[in-house]
Amino acid sequence: MSGGITHILCGVDGSAPACVAAERAADLARALGARLTFVAVARAATPDPALVGYMQVEGLGEEPVPLLPEAAERCLSIALTKASAKGYTGAARLVRTGKVAETLIAVADEIGADAIAIGRHRHSGLRRAVLGSVAQEIANRTSHPILSYCC
């Protein structure tokens, strides 16, 4: 990253930390004149095995596309509202499925983001060891600067 931050990717999930991240990323994007893209990473719904089997037997094509939780769209709407309240308009929005850390890194690479903003929960000790940290996983797996915000 030689030219500074020109494009920020912000992962959102509707949680309080993600809302803080959305606000702070919008503040930073506005201050730097940078682009901002919000990404909600949804879990893929598991297709009904009977439907998959029927489609295969009948030759109706590939396995059905996983459904995205409608919550992903609500998360993006919240993030856009938070950004707008901070004076940033025109943020892009994407919904993807997959594992959160992997997907955010892949999207950052795909869209040419210079930094990844993410909210994090205040987990410590055993809970953090068991649950892990998406922010930490991203930091361990990418060279992008990580903007980590906690509520």
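**Exercise 1. Glu-102 and its partner**

Find the residue with which Glu-102 forms a salt bridge in this predicted model, and work out which parts of the chain the pair ties together.

*Solution.*
Step 1: Start at the carboxyl group of Glu-102 and look for a Lys or Arg side-chain nitrogen within 4 Å. Arg-141 fits, since the closest N and O atoms of the two residues are 3.9 Å apart.
Step 2: Place both residues in the fold. Glu-102 belongs to helix α4 (residues 100-111) and Arg-141 to helix α6 (residues 134-141), so the bridge ties together parts that are 39 residues apart in sequence.
Step 3: Check the surroundings. Glu-102 is partly exposed, at 39% relative accessible area, and Arg-141 is partly exposed too, at 44%.

**Exercise 2. From helix α1 to helix α3**

Which residue of helix α3 pairs with Glu-23 of helix α1?

*Solution.*
Step 1: Glu-23 forms a salt bridge with Lys-82, with 3.7 Å between the closest N and O atoms.
Step 2: This pair links distant parts of the chain: Glu-23 sits in helix α1 (residues 16-32) and Lys-82 in helix α3 (residues 71-85), 59 residues apart.
Step 3: Both ends count as partly exposed, Glu-23 with 24% relative accessibility and Lys-82 with 29%.

**Exercise 3. A network**

Which residues are linked with Asp-27 in a network of salt bridges?

*Solution.*
Step 1: Take Asp-27 and Lys-86 to begin with; they form a salt bridge whose closest N and O atoms are 3.7 Å apart.
Step 2: Asp-27 is in helix α1, while Lys-86 is in the loop between α3 and β3 (92-97), so parts 59 residues apart in sequence are tied together.
Step 3: Now add Arg-30, which completes the network of Asp-27, Arg-30 and Lys-86.
Step 4: For accessibility, Asp-27 comes out partly exposed at 25%, and Lys-86 is likewise partly exposed at 32%.
Step 5: For the full tally, the model holds seven salt bridges.

**Exercise 4. Two cysteines**

Why is there no bond between the sulfurs of Cys-19 and Cys-75?

*Solution.*
Step 1: Find the cysteine sulfur closest to that of Cys-19. It belongs to Cys-75 and is 8.1 Å away.
Step 2: Compare this with the cut-off: a disulfide needs the two sulfur atoms within 2.5 Å. The sulfurs are too far apart for a bond, and the count of disulfides comes to zero.
Step 3: Ask next whether these residues are buried or exposed. Buried means under 20% relative accessible area, so Cys-19 is buried at 17%, and Cys-75 is buried at 10%.

Note on methods. Residues numbered from 1 in each chain as written. Predicted model: local features only at pLDDT ≥ 70, side-chain atom pairs only at ≥ 80, totals over all residues. Heavy atoms only, no water. Buried < 20%, exposed > 50% of the residue type's maximum accessible area, 1.4 Å probe, protein only. Helix = DSSP H or I, 4+ residues; strand = E, 2+ residues; numbered from the N terminus.
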